[in-house]
Amino acid sequence: MIIGITGSSGAGKSTICEFLENEYKVKVLNADKIARKLSKKGTSYTIEIIKIFGKNIVDEEGELKRRKLAEIIYSNPKKREELNKITFKYITNEIKTKLKKIDDDTVAIIDAPLLFESKLNEICNKVIGIIAKREVQIDRIVARDDIDYEQAEKRLLAQQSNEFYIEHCDDIVENNNLLDFEKQVENIMEKYNIKKVAPWLIQTNVL
């Protein structure tokens with residue numbers, strides 16, 4: 001079974017996925033982490049990004065300036081669309097390759113903020129949307145990325161609204177604090193007939 005987990009920045013997707021990894025036999029494929037691996041110096045992905053954004057987008061060692069890239073794409077919709085087009089191509093291929101290596105009795109989780117935009121939702125059996133109050137998301141983004149309130153708000157304005165996820169996902173988890181999301185996730189897993197397993201039976205190897 002393949003489950004997609006998606007939501008805008010600061011909704012708490014990583015927290016949900018960590019809980020799933022600790023309680024269920026799942027393998028999480030994190031699109032952001034995969035993108036980071038693919039964007040190392042000299043990769044085809046990085047070379048394509050440089051063609052669009054110029055050599056100033058990398059530092060003296062040839063590594064991507066991620067903060068600078070984020071500032072550009074959240075201020076320029078056209079550049080964001082161009083970057084997404086490249087990213088979707090590489091990420092989709094990599095995730096599909098990794099899915100082939102997952103055992104049939106292990107649930108695959110695709111953790112992707114742009115699950116629908118990349119069309120990865122089309123290979124998922126179910127999609128769970130993670131949402132949170134706007135002020136909670138902004139506080140999380142500010143703390144996580146060390147940016148100011150205005151920048152965090154600009155990022156959220158460039159992403160899908162909670163209403164989008166409520167409309168398009170099979171199930172929704174409201175993740176406003178650490179005390180109430182676990183039961184919601186457990187109920188959804190029970191609905192999907194996915195049972196918890198003993199800790200020693202959970203595979204921790206990383207693909």
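**Salt bridges and helix packing in the predicted model**

Aspartate 105 is exposed, with a relative accessible area of 52%. In this predicted model, the side chain of aspartate 105 meets that of lysine 25 in a salt bridge, with a distance of 2.8 Å from N to O. Aspartate 105 belongs to the loop between α5 (77-99) and β3 (107-111), whereas lysine 25 belongs to the loop between α1 (13-23) and β2 (26-30), so the pair ties together parts that are 80 residues apart in sequence. This salt bridge is one of nine that the structure holds.

A further salt bridge is found within a single helix. Lysine 98 pairs with glutamate 94, and the closest N and O atoms are 3.8 Å apart. Both residues lie in helix α5 and are four residues apart, so about one helical turn separates lysine 98 from glutamate 94. With regard to accessibility, lysine 98 is buried, its relative accessible area being 14%, while glutamate 94 is partly exposed at 27%.

Arginine 155 and aspartate 145 also form a salt bridge through their side chains, at 2.7 Å from N to O. Because arginine 155 lies in helix α7 and aspartate 145 in helix α6, this pair ties together parts that are 10 residues apart in sequence. Arginine 155 counts as buried, with a relative accessibility of 15%. Elsewhere, Glu23, Glu186 and Lys196 are joined into one network by salt bridges that share partners.

The two helices linked by arginine 155 and aspartate 145 also pack against each other. Helix α6 comprises residues 134-145 and helix α7 residues 149-157; their axes come within 9 Å and cross at roughly 120°. The two helices are therefore oblique to each other, and α6 passes α7 in a right-handed crossing. On the side of α6, the contact is made by Arg134, Gln137, Ile138, Ile141, Val142, Arg144 and Asp145. On the side of α7, Tyr149, Ala152, Glu153, Arg155, Leu156 and Leu157 take part. The residues of this contact divide into seven nonpolar, one polar and five charged. Both partners of the salt bridge between arginine 155 and aspartate 145 are thus included among the contact residues.

A second helix pair involves α4 and α5, which pack at an angle of about 120° with their axes 7 Å apart. These helices are therefore likewise oblique to each other. Leu69, Ile72 and Ile73 of α4 meet Pro77, Lys79, Arg80 and Leu83 of α5 in this contact. Of the residues involved, five are nonpolar, none is polar and two are charged.

Helix α4, which spans residues 66-73, also contains arginine 67. Arginine 67 counts as partly exposed, at 45% relative accessibility. When residues up to four places away in sequence are not counted, arginine 67 touches Asp145, Asp146 and Ile147. Of these, Asp145 is the residue of helix α6 that pairs with arginine 155 of α7. Arginine 67 and isoleucine 109 are 42 residues apart in sequence, and their C-alpha atoms are 27 Å apart in space.

How values were computed: Residues are numbered from 1 along each chain as its sequence is written. This is a predicted model: local features need pLDDT of at least 70, side-chain atom pairs count only at pLDDT 80 or more; totals for chains, interfaces and linings use all residues. Side-chain values use heavy atoms; hydrogens and water are left out. Axes are lines fitted to C-alpha atoms, for helices over the stretch in contact, and angles run from 0 to 180 degrees between N-to-C directions. Angles under 35 degrees count as roughly parallel, over 145 as roughly antiparallel, 65 to 115 as roughly perpendicular and the rest as oblique. A crossing is left-handed if the near helix is turned anticlockwise from the far one by less than a right angle, and right-handed if clockwise. Contact means heavy atoms within 4.5 Å. Ala, Val, Leu, Ile, Met, Phe, Trp, Tyr, Cys and Pro count as nonpolar, Asp, Glu, Lys and Arg as charged, and the others, Gly among them, as polar. A salt bridge is a side-chain nitrogen of Lys or Arg within 4 Å of a carboxyl oxygen of Asp or Glu. Buried means under 20% relative accessible area, exposed over 50%, partly exposed in between (1.4 Å probe, protein chains only).
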